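Student: I have a two-part question session in mind. Could we go through a structure together, topic by topic?

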Amino acid sequence: MSTVVPPVVQESGEGPSDPSTVVGGDDRDKPAGPINRIYAFLRSIPTGILWLLVIVWSIPTLGLFVNSFRDRDAQRSTGWWKVSPGELTLDNYDEIFGARQGLGQSLLNSAAIAIPATIIPIAIAAFAAYGFAWIDFKGRKALFIATVALLAIPLQVALIPLLQMFNNGASLTLPLLDSTIVLIPDFNLAGTTTATWLTHTGFAMPFAIFLLHNYISSLPKDLFEAARIDGAAHFTIFWRLVLPLSIPVLAAFAIFQFLWTWNDYLIANTMIGANASSQPTTILIANLAGDFGRNEDILPAAAFVQSFIPIIVFFALQRYFVRGILAGSVKG
Amino acid sequence: MEYARIAAGFVLVLGLVYWAFVEPKIRTTFVTVVIAVAASAGIWIGANLLFDQVRVHWTRFMVIASAVVGAIVGIVLHGNLVTIGSGEGFFTWVVGPLAGAAAFGALGYGLAVTDDPSRRRAIAIGGSLAIGAVIGLVIRDTYHPEFDAVAIVVSTAIGAALGAGISLLGKKAPVRGALTGGAIGWIAGAWGGADLGDGSLATSLIAALVPAALIGVRLAMTSNPDYRARLVLDNRSRATIFIGPALLFILVMLVIPAVRTLYLSLLDDDSEDFVRLENYTSVFTDRNSLDLDNWTNMFTSIPFIIGMVLLGIAVIVGVTMKQRTGRAVEVGNPTVAPLVFGALLVAFGAFTAMRGTLINNLWWVVVVTFLSTALGLAIAVLADQRGGERFAKSIIFMPMAISLVGASIIWRFVYTARDTSTEQTGVLNALWVGLGRLSTGSGLPTLIFGAAILLALIGLLMVCARMLVRYGPGRAVVPGIAAIFVGWFFIRYVGIIGTGVGGHRVAEDGTVSAETVFFVQETPYNNFWLMVIFIWIQTGFAMVILSAAIKAVPTELIEAAKIDGATSSQVFWRVTLPQIATTIGVVVTTLIVGVMKVFDIVKVTTNGQFGSQVLANQMFQEAFGFTNTGKGAALAILIFVAVLPVMIYNIRRMQREG
């Protein structure tokens, strides 16, 4: 079940400078004269479309970025594309980090949610992926498929009972004996970051196991047999052999999970909701957006700061991120 | 480069450490995580080390394992202040677990070192009874149970039956399971179902001795395993240790809550009374969820009409093609493009005429899934092997890193509509109003733009004619359709039909003023503009996966096709596309699941107003806004049911691929 990830990025040697060298049309048609020129033009259309799409794709973000440096009047009177260097200001950034909104605190909150919610599932899923890949037991395949089938489960389906559990603990009322057994005591998790860690960990499990299993199960079998003959137990093999070899896939999952938890709004809104002191950035900027335009001037700056960290992570570690996406959806 | 990265990482770590000591929030989080991780790791590694003993040091394993069980029993009894002497200072925290560990450890040692069956029987039953007697004696007066015979009998019987059943399922003697299950059932019945404190020392002793005896008999049936059996035990325990934590999380956080949601969806808003399927029927009868009254309007909607025209063209061309080649529809055939886009537009038109949450969700699924996949595929093909591929793909892919909330805000500024008397600050309205000005104006720019459209129209017609002459009607279809669109646009632009294109309004006295589009507020098309946000994000996802699949198509196949004289488009339709069909399936299913639960975009932009409600947002509102648990749960289940086919498809695929 190996996942062969072909190199995603291949720089082609030819530059796009001369449109006629770009292959895109029909090579057999090479009539002479003005028709030829029209054909050369037609052949450059695909390149044109591609770069047009690239421009269209970047315009929204660019507009937000530019507007984040303009004050309220400038934003309201002219479009961002008419920006003049003289009107650029950092006031919006001052305001969102300052007394008016306290974005700094919510950035900390986001980090406090995203970092543990990334680390905890990695460890647990790595154990399980190894177990599914290299420990032989009855019903292994069925259990694995059942686990991975949960990949598609919409998390909405678990939210209400989870919130109830974090608010009140969980108990089971025995019908005949008329007594209630407390299964999970009330740990006072309502509105805490811990509740989001647990939820994120649970929801990440199927994908994490699937992703790591794809990789770990493709490690060479001889390696494990040699180690077994040397008398190494599963624990040793896992710790000394599998973990170091799996760094790339662990990194891929970590990036994935970090972006997911940093950008999450639904779980944070459900579990933390109104608890203002623990609100992550997504809730903060969503609230700013819902303020009937009162904070419209600082919204671009706030949204940009919120997106800045995932974008940095994305560009710095794009290779791993792409690998994660590919391994998670394409099976080789 | 490598050093730069290491340096950057070092600075980052230093910064984080500094941060951790400055910010109390980070510090407490950090400390909690470290403690939790260390404790879990300690337990996990400890369990591994314990089961490392199984293969070679059986006695040691038995002693430690029994001692751990005993310590847990000690902690449970002593920690809950059930036993005499508990709750008095630190000392008592140690005594209970230590006593339990010593007693159980001794029993484990006795069993591990003895192989003679009769002596094992004596040790097992004697030891268990001794432990049971001690427990019965040290229970505080206030916890002595008063017996409820019915409860005990029923509970024990149920436990025994369940245990026997489980044993039978595992193809083992049912007596063993029955004994264990009976013991647990007895404990539940005698202690759990009784009024504690009303009994006497005698009842306490009996309540403790009976399960001890049952377990003793069960233990007496065992024998020390030989090496082979120990290997099996080693393997099984390892499977549990490695997979158990993950399964525990999945069970507690996903499976059990999902089942409970199903149960809650059958109860009323306070989860008190059973209302059967009322929550579900209320979803389907509510006009906000499903409103088909104006469905006939679809026949007059523009996308529907254009779609029908495209379908008509597809049929006509298909018939002509059949006369020429004998095959009407085949991948790569020019009937496919108008067929697919025609169907999409017809569906789109139909969705604009019907209203409601369910319709909206379906609309989202059809449009976002289709356009994201199509655009992703187009970009993957366009960028393949072209200069600047890496850069282009990075830009298209980047929205994947941005939160849906952030994306909604980014697009909010694209969609901004200002008062028509002032300048438009949203890109789309600026373009729309500008186009209106061009179309209704009479200056030089109007002429230039008009000439450019005319030139494009002529070019398209020339291409169309050339294709028609050289290759027959088949290859003239796509440029022909493009020519029709451009021609229609030109006719409207110069005002042969209507007053012009773009955002303008002509008053009765003939004066022309600007008119904006309220992209987010105008029903029903605002749904589409919200979908655009999601398409903007998901196209990158589709592109990355499809691009990798295209690059994985064997070069020999493409070379062979080219040598046989296939054109680029023929290579794409007949070689590349069939090769990546499975991957397209993966992309489509993943997108469907993602779109079904779309929440953030709708929540942030409209919060379901202006006819843009979707299931996930309605579910959130009902469950957490209006505290109507039953309806919220029913909506969650509906989302789940909608993705169920995808889940089943995925399972089938995995089973096939082994």
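Tutor: The exchange below takes up chain A, the contact between the chains, the domains and two individual residues.

Student: What kind of model is this, and what limits apply?
Tutor: This is a predicted model, in which local features need pLDDT of at least 70 and side-chain atom pairs count only at pLDDT 80 or more, while totals for chains, interfaces and linings use all residues; side-chain values use heavy atoms, with hydrogens and water left out. Residues are numbered from 1 along each chain as its sequence is written, chains are lettered from A and ligands numbered from 1 in the order in which they are written.

Student: How many helices and strands are there in chain A?
Tutor: Chain A has 15 helices and 2 strands. Helices (H or I, at least four residues) and strands (E, at least two) are DSSP runs, numbered from the N terminus.

Student: And what percentage of chain A is made up of buried residues?
Tutor: Of the 332 residues in chain A, 53% are buried. Buried means under 20% relative accessible area, exposed over 50%, and partly exposed in between (1.4 Å probe, protein chains only).

Student: What about contacts in chain A between residues at least 6 apart in sequence?
Tutor: Of those contacts, 70% join residues at least 24 apart. Contact means heavy atoms within 4.5 Å.

Student: Moving on, how many residues of chain A are in contact with chain B?
Tutor: On the chain A side there are 131 residues, in contact with 120 residues of chain B. The area buried between chain A and chain B is about 11200 Å², and carbon and sulfur atoms give 73% of that area. Buried area is the accessible area (1.4 Å probe) that two parts lose on being put together, summed over both.

Student: How many salt bridges are found across the interface of chain A and chain B?
Tutor: The rule finds 2 salt bridges there, a salt bridge being a side-chain nitrogen of Lys or Arg within 4 Å of a carboxyl oxygen of Asp or Glu. The side chains of K82(A) and E423(B) meet in a salt bridge, at 2.5 Å from N to O.

Student: Which helix of chain A gives the most to the side that touches chain B?
Tutor: That is helix α2 (residues 45-67) of chain A, with 14 residues. By class, the side of chain A that touches chain B has 83 nonpolar, 35 polar and 13 charged residues. Here Ala, Val, Leu, Ile, Met, Phe, Trp, Tyr, Cys and Pro count as nonpolar, Asp, Glu, Lys and Arg as charged, and the others, Gly among them, as polar.

Student: Now the domains. How is chain A divided?
Tutor: Chain A is divided into domain 1 (55-89) and domain 2 (99-326); domain bounds come from an automatic or database domain assignment. Their centres, taken over C-alpha atoms, are separated by 36 Å. The contact takes 6 residues from domain 1 of chain A and 8 residues from domain 2 of chain A. About 650 Å² is buried between these two domains. The count of salt bridges between them is 1, and R72(A) forms a salt bridge with D297(A), with the closest N and O atoms 3.1 Å apart.

Student: How is chain B divided?
Tutor: Chain B has domain 1 (1-45) and domain 2 (46-247), with C-alpha centres 41 Å apart. Between these domains of chain B, the buried area is about 410 Å², of which carbon and sulfur atoms give 49%. In domain 1 of chain B, I43(B), W44(B) and I45(B) lose the most area to domain 2 of chain B, together 97% of what that side buries. The count of salt bridges between domain 1 of chain B and domain 2 of chain B is 0.

Student: Turning to single residues, why does T270(A) count as buried?
Tutor: T270(A) counts as buried because its relative accessibility is 7%. T270(A) lies in helix α12 (residues 266-271) of chain A. Not counting residues up to four places away in sequence, T270(A) touches L159(A), L163(A), F620(B) and F624(B). The side chain of T270(A) also reaches the backbone oxygen of L266(A) at 2.7 Å.

Student: And I131(B), is that residue buried or exposed?
Tutor: I131(B) counts as buried, at 13% relative accessibility. I131(B) is found in helix α5 (residues 117-138) of chain B. Leaving aside neighbours within four places in sequence, I131(B) is in contact with A103(B), F104(B) and L107(B). I131(B) and A103(B) are 28 residues apart in sequence and 7.0 Å apart in space, C-alpha to C-alpha.

Key
A polar contact is a pair of N or O atoms within 3.5 Å; within protein, one must be able to donate a hydrogen and the other to accept it, and residues adjacent in sequence count only if both atoms are side-chain atoms.
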